[in-house]
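Please take some time with the sequence and the structure shown here before reading on. The paragraphs that follow go from one place to another, and it may help to find each place in the picture as it comes up.

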Amino acid sequence: MQSIVKTVLIIGQGSYIGTRFASYAADRFNTVTVDARENRWQAADMSAFDTVLHVAGIAHEKQKKDMKALYYQINCDLTVEAAKKAKASGVKQFIFLSSMSVLNDDPRDFYGGSKRKAEQELQKLSSPDFHICIVRPPMVYGPGCRGNFPRLVRLAKRVPIFPNVPNRRSMIYIDNLCEFLCQAIDKTVCGIFQPQNTEYINTTHLVQFIAACFNKKIRTTRFFNPFIHLLIKRVPSLHKLFGSLTYGHTGDEAEYNVTDYEESVRASVCTST
């Protein structure tokens, strides 16, 4: 007997994660993507779907004071409104792409604050018939990604020497994240999840490996380390580059890590500039 293929509505047309997920999961689910802009998603008949995957949001923007209301409107209010409609439509599962930034208590971080507020409001909607699944990926990288990874690629291509700082960071390759989402949909899971690669990443080693992908060798030095440690808490860009930020391993990472670290970096640098 042939199993019934689940249907997934992706809110966030044009988003990196949404686009990659739709491609990755094409042979596993029936997916439809709708635009979150100008409330176009409201026209979707959610009753036809098993899962709503909400990936729309504002990110990779400078967090100016006058943008606080916009961050909360898009990352929180829109999310909660979509979840309420999904619940009223009989959807079984609502997956929200949150962020590791929710763990940041800095009141100036509107991105993390708005995602955290959305999580709090979503959990109020959870019920035995409506599963709220909150996913907090760390830095996501992959072919064509935006954000910090392409900046590291540009840096690796330009600098001859780089600080040797023994930091550790959680990251996740886009296909590993997509596989995690597929498994979450298959099992209709609920709760808060923090998927990541099986390995923690050291920034110095990552930059060296990226450079090697371009047949370039970067020398490292600890000369700058005292200055970095002195300024890292005051300069956000230094903290993003050399600070340590990890999730604890849960032991199930290998179940959804379909691409290993070195292969994932090689695949990603080819399209990053």
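Gln93 is buried, with a relative accessible area of 0%, and since this is a predicted model, that value, like every other in this text, is computed from the model. The residue belongs to strand E4, and its side chain has a polar atom that lies 3.1 Å from the backbone oxygen of Ala184. Leaving aside neighbours within four places in sequence, Gln93 is in contact with Asp50, Thr51, Val52, His131, Cys133, Ala184, Ile185, Thr188 and Val189. One of these contacts, Thr188, is found in the loop between helix H5, which covers residues 174-187, and strand E9. Although Thr188 is not a glycine, its phi is positive, at about 50°.

Another buried strand residue is Thr7, which lies in strand E1, made of residues 7-11. What decides whether Thr7 counts as buried or exposed? A residue counts as buried when its relative accessible area is under 20%, and the value for Thr7 is 18%, so Thr7 is buried. Its side chain reaches the backbone oxygen of Ala48 at 3.0 Å. Not counting residues up to four places away in sequence, Thr7 touches Asn30, Ala48, Phe49, Asp50 and Thr51. Asp50 and Thr51 are therefore touched by Thr7 and are also among the contacts of Gln93.

The loop between strand E2, residues 30-34, and strand E3, residues 51-54, holds Asn39. Asn39 is partly exposed, with a relative accessible area of 39%, and its phi is near 60°, which is a positive value in a residue other than glycine.

From here the path leads to the helices, beginning with H3. Helix H3 runs over residues 110-123, which makes 14 residues, and it reaches 20 Å from its first C-alpha to its last, close to the 20 Å expected at 1.5 Å a residue. At the start of H3, a side-chain oxygen of Asp109 reaches to within 3.3 Å of the backbone nitrogen of Tyr111. Why can H3 be called largely enclosed by the rest of the structure? The reason is that ten of its 14 residues are buried, namely Phe110, Tyr111, Gly112, Gly113, Ser114, Lys115, Ala118, Glu119, Glu121 and Leu122. The elements that cover these buried residues include helix H2 (68-88), strand E4 (93-97), strand E5 (131-135) and strand E9 (191-193), and E4 is also the strand in which Gln93 has its place.

The packing of H2 against H3 can be followed in some detail. Two packed helices are described by the angle between their axes and the distance between the axes. For H2 and H3 the angle is about 25° and the axes are 9 Å apart, and because angles under 35 degrees count as roughly parallel, H2 is roughly parallel to H3. Their crossing is right-handed. On the side of H2 the contact is made by Lys68, Tyr71, Tyr72, Asn75, Cys76, Thr79, Val80 and Ala83, and on the side of H3 by Phe110, Tyr111, Gly113, Ser114, Lys115, Lys117, Ala118, Glu121 and Leu122. When reading such lists, it helps to recall that an α-helix has 3.6 residues a turn, so residues three or four places apart point the same way.

Helix H6, residues 203-213, can be read in a similar manner. At its start, a side-chain oxygen of Asn202 reaches to within 3.1 Å of the backbone nitrogen of Thr204. Within H6, Thr203, Thr204, Leu206, Val207, Phe209, Ile210 and Ala211 are buried, and the buried residues of this helix pack against helices H4, H8 and H9 and against strands E7, E8 and E10. The axes of H4 and H6 come within 9 Å and cross at roughly 65°, and this crossing is right-handed. Where they meet, Phe149, Leu152, Val153 and Ala156 come from H4, while Thr203, Leu206, Val207, Ile210 and Ala211 come from H6. H6 is followed by Asn215, whose phi is positive, near 60°.

The last stop is Asp260, which has its place in the loop between H8 and H9. Asp260 is partly exposed, with a relative accessible area of 45%, and a polar atom of its side chain lies 3.4 Å from the backbone nitrogen of Glu262. Although Asp260 and Tyr173 are 87 residues apart along the chain, their C-alpha atoms are separated by 8.7 Å.

Terms used. Residues numbered from 1 in each chain as written. Predicted model: local features only at pLDDT ≥ 70, side-chain atom pairs only at ≥ 80, totals over all residues. Heavy atoms only, no water. Helix = DSSP H or I, 4+ residues; strand = E, 2+ residues; numbered from the N terminus. Expected span 1.5 Å × (residues − 1). Buried < 20%, exposed > 50% of the residue type's maximum accessible area, 1.4 Å probe, protein only. Contact = heavy atoms within 4.5 Å. Polar contact = N/O pair within 3.5 Å; in protein donor to acceptor, adjacent residues only side chain to side chain. Axes fitted to C-alpha atoms, helices over the stretch in contact; angles between N-to-C directions. Parallel < 35°, antiparallel > 145°, perpendicular 65-115°, else oblique. Left-handed = near helix turned anticlockwise from the far one by under 90°.
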